[in-house]
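Please open the model in your viewer and keep the sequence panel beside it. The tour moves from one selection to the next and says what is found at each stop.

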Amino acid sequence: MRKEYYSQYSPLDEVDDNGTTKLLDSDIVTSLPPQSRFLDLWPWLSHGVLMSMILVFFTLWARAPSIDDVVLFSPANEAVESIGIIKFNGSFKATSIYRDSPSPELDAIWDEISLNVRPVRMTLEQLLRTGEKPSPAMVRYPDEYGGGYMATVEVIHQLHCLDILRKASWGNIDYNHGDVHISPEEFRTQIDHCVEILRQFSMCGGDVTMITHDWVEGRTKPFADFNVHHQCRNFDKILDWVDEHRVFVPKSQMVRLDDNVDLPSPP
């Protein structure tokens with residue numbers, strides 16, 4: 001029996017879109033073998049698969065969070081609340097409850113936001129989630145006070161540094177750091193530490209808020225307008241969270257545990 005599929009020498013009259021051929025001067029119709037059809041369609045199929053893969057990859061890439069979207073874990077993250085865009089009062093002579101000449105009343109106001117480290121507790125699981133690893137030198141609470149690791153919130157430390165710089169700018173030099181009397185040289189080191197911490201914080205935040213400049217009568221150079229808008233968080237809510245989770249342990253009980261090991265020098 002004749003196999004039209006593989007007739008190599010029969011002249012063709014026409015080939016339609018379906019791969020069907022008709023022999024010249026004959027009513028016999030032949031079709032390309034299935035393998036030939038697949039080979040004809042393969043470039044289009046591979047192109048379609050490749051385009052689909054590119055589309056999927058691009059979609060996943062576009063939806064992937066950027067490095068700036070990754071939130072560093074902190075137990076206090078639950079207290080973080082945006083209060084929207086706030087316009088700063090950056091005028092040189094702006095009044096503020098935090099700004100004035102030294103007085104017991106002003107010191108009390110600063111103490112409300114910066115005094116003491118306000119220690120809170122972190123569990124081992126929380127410590128690991130922050131990216132830190134347990135160390136024999138880390139301070140832990142005695143079991144009778146709930147155990148866990150002593151921790152503090154960074155913003156209070158930064159405000160504490162600002163308070164030290166505020167006092168020093170008025171000539172109020174306190175050589176008593178907590179319950180330890182420090183030398184003038186150590187106090188100078190503390191001041192430099194605070195400046196360096198605040199420098200790192202400012203550069204880390206990288207605030208790109210735009211500051212415009214104005215011409216001011218009597219001045220020959222443009223004057224910056226620091227009354228600009230910033231995205232702000234609810235600081236009171238963070239402070240409330242800290243105070244709610246604050247751990248109170250008598251100083252006499254806040255001692256090294258049996259398995260603690262001292263660092264040879266401060267970190």
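**A walk around helix 2**

Begin, in this predicted model, by selecting Leu106, Asp107, Trp110, Asp111, Ile113 and Ser114 in helix 2, which meet Ile156, Leu159, His160, Leu162, Asp163, Arg166 and Lys167 in helix 4. Sorted by class, this contact of helix 2 with helix 4 comprises 6 nonpolar, 2 polar and 5 charged residues.

Now show the two helices as ribbons: helix 2 and helix 4 pack at an angle of about 155°, and their axes lie 9 Å apart. Because angles over 145 degrees count as roughly antiparallel, helix 2 is roughly antiparallel to helix 4.

Next, select the whole of helix 2, residues 104-114, and colour its buried residues, which are Leu106, Trp110, Ile113 and Ser114. Looking down the axis of helix 2, you will find these buried residues within an arc of 80°, so they line one face of the helix. Turn to the face directed away from that buried side, where the exposed residues Pro104, Glu105 and Glu112 are carried.

To see what covers the buried residues of helix 2, add helix 4 (154-169) and helix 6 (235-244), which are among the covering elements.

Finally, hide helix 2 and keep this last pair, in which Val155, Ile156 and Leu159 of helix 4 meet Phe235, Ile238, Leu239 and Val242 of helix 6. The residues of this contact are 7 nonpolar, with no polar and no charged ones. Helix 4 and helix 6 pack at an angle of about 110°, with 10 Å between their axes, and the two are therefore roughly perpendicular to each other.

Methods:
Residues numbered from 1 in each chain as written. Predicted model: local features only at pLDDT ≥ 70, side-chain atom pairs only at ≥ 80, totals over all residues. Heavy atoms only, no water. Buried < 20%, exposed > 50% of the residue type's maximum accessible area, 1.4 Å probe, protein only. Helix = DSSP H or I, 4+ residues; strand = E, 2+ residues; numbered from the N terminus. Arc of directions from axis to C-beta. Contact = heavy atoms within 4.5 Å. Axes fitted to C-alpha atoms, helices over the stretch in contact; angles between N-to-C directions. Parallel < 35°, antiparallel > 145°, perpendicular 65-115°, else oblique. Nonpolar A, V, L, I, M, F, W, Y, C, P; charged D, E, K, R; others polar.
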